[in-house]
Amino acid sequence: MRKITNHVEELFKDIPDSEEKQTIQQEILQNLEEKVYDLMEHGKEEEDAINKAIVEFGHIDEIKNELGVRTPDENSWQKKKKEKTKIDLGFSICGSALIIGLMLFINMYYSPDTIWFVYPTFAVLWWPLAMFYRWLKWK
Amino acid sequence: MIKSDIIRGHLEPIILRLIYENDQYGYEISKQISLRTDNRFQIKEATLYAVFQRLEKKDLIESYYGSVSHGRKRKYYRITTLGKAYLKESAREWQETKEIIDLFMEGLE
């Protein structure tokens, strides 16, 4: 039976310790041992029974998912998100600069006597401002 | 042994049904599934415990410690009222799904 205990410990070794992990590990160990005893009662050698139980166990990843183990993907996902907010910020600054420039040009070219381009400028500035704070949040 | 995604998609009601009939512990459930399907479908332990976790998180089942076997306590599961409602709904849904799929799968040569 030591082999089963060792095997279960090996399966769970990457999972960070928690009460939940302990309970589920105990439960799996109990049930695997029960399976081994049951197989032995039906005439299997201990060695065979243990191997069969281990092979039929399946993949531990399914349980890892349920225990909410953070895979390394999580970090890279965050990095990507941070990268994206940076690009969004850059885009918003360039975009709003172009719009303001266009407004300025139209203003100066067609009606140089009244300065109205500041109004759309204020409206457009919300865009980079929002992106700036989103970027700050992720920084 | 069938490796159907359709079965995999319905493991929750399958396991709920077994717990609905009797309070069960892990190994008993996997044995029952093999037995009732005449070994045409076997559940992997890893899958089974993942489903237990999911069902318990959704409050569809609850667990308690029962009799001792070979020096360790068995962890039993019982179905909750919510679980029974969920099971009923799943059964109804399956019936409807089956009727729809049958429309296209039956009567072929």
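Start by selecting Glu12(B), Pro13(B), Leu16(B), Arg17(B) and Tyr20(B) in H2(B): they meet Gly83(B), Lys84(B), Tyr86(B), Leu87(B) and Ser90(B) in H5(B). Color them by class and you'll get 5 nonpolar, 2 polar and 3 charged residues in this contact of H2(B) with H5(B). Keep in mind as you click around that this is a predicted model.

Now show the two helices whole. H2 of chain B covers residues 11–21, and H5 of chain B covers residues 81–105. Their axes sit 10 Å apart, and the packing angle is about 125°. Angles over 115 and up to 145 degrees fall among the oblique ones, so H2(B) and H5(B) are oblique to each other. As for handedness, H2(B) and H5(B) cross in a left-handed way.

Next, zoom out to all of chain B. How many helices and strands does chain B have? Look for 5 helices and 3 strands. If you walk along the sequence, the pattern in chain B goes α-α-β-α-α-β-β-α. Want a feel for the dimensions? The C-alpha atoms of chain B fill a box of roughly 55 × 30 × 20 Å along the principal axes.

Time to bring in chain A. Select the residues where the two chains touch: chain A gives 25 residues and chain B gives 23 residues. Together, chain A and chain B bury about 2200 Å² between them, with 48% of that on carbon and sulfur atoms.

Stay here and pick out helix H2 of chain A (residues 19–41) and helix H4 of chain B (residues 45–57). They pack at an angle of about 135°, their axes 11 Å apart, which makes H2(A) oblique to H4(B). This crossing, H2(A) over H4(B), is right-handed. To see who touches whom, select Glu20(A), Ile24(A), Glu27(A), Ile28(A), Asn31(A), Leu32(A) and Lys35(A) in H2(A); these meet Glu45(B), Tyr49(B), Phe52(B), Gln53(B) and Lys57(B) in H4(B). Sorted by class, the contact of H2(A) with H4(B) has 5 nonpolar, 2 polar and 5 charged residues.

Last stop: charges. Side chains of opposite charge can pair when their charged atoms come close. Over all chains, the whole structure holds 19 salt bridges, and the count between chain A and chain B is 5. Which residue of chain A meets Arg72(B) in a salt bridge? Select Glu33(A): its side chain meets that of Arg72(B) at 3.1 Å, N to O. Glu33(A) lies in helix H2 of chain A and Arg72(B) in strand E3 (residues 72–79) of chain B, so this pair joins two chains.

How values were computed: Residues numbered from 1 in each chain as written. Chains lettered and ligands numbered in written order. Predicted model: local features only at pLDDT ≥ 70, side-chain atom pairs only at ≥ 80, totals over all residues. Heavy atoms only, no water. Axes fitted to C-alpha atoms, helices over the stretch in contact; angles between N-to-C directions. Helix = DSSP H or I, 4+ residues; strand = E, 2+ residues; numbered from the N terminus. Parallel < 35°, antiparallel > 145°, perpendicular 65-115°, else oblique. Left-handed = near helix turned anticlockwise from the far one by under 90°. Contact = heavy atoms within 4.5 Å. Nonpolar A, V, L, I, M, F, W, Y, C, P; charged D, E, K, R; others polar. Buried area = accessible area lost by both parts, 1.4 Å probe. Salt bridge = Lys/Arg side-chain N within 4 Å of Asp/Glu carboxyl O.
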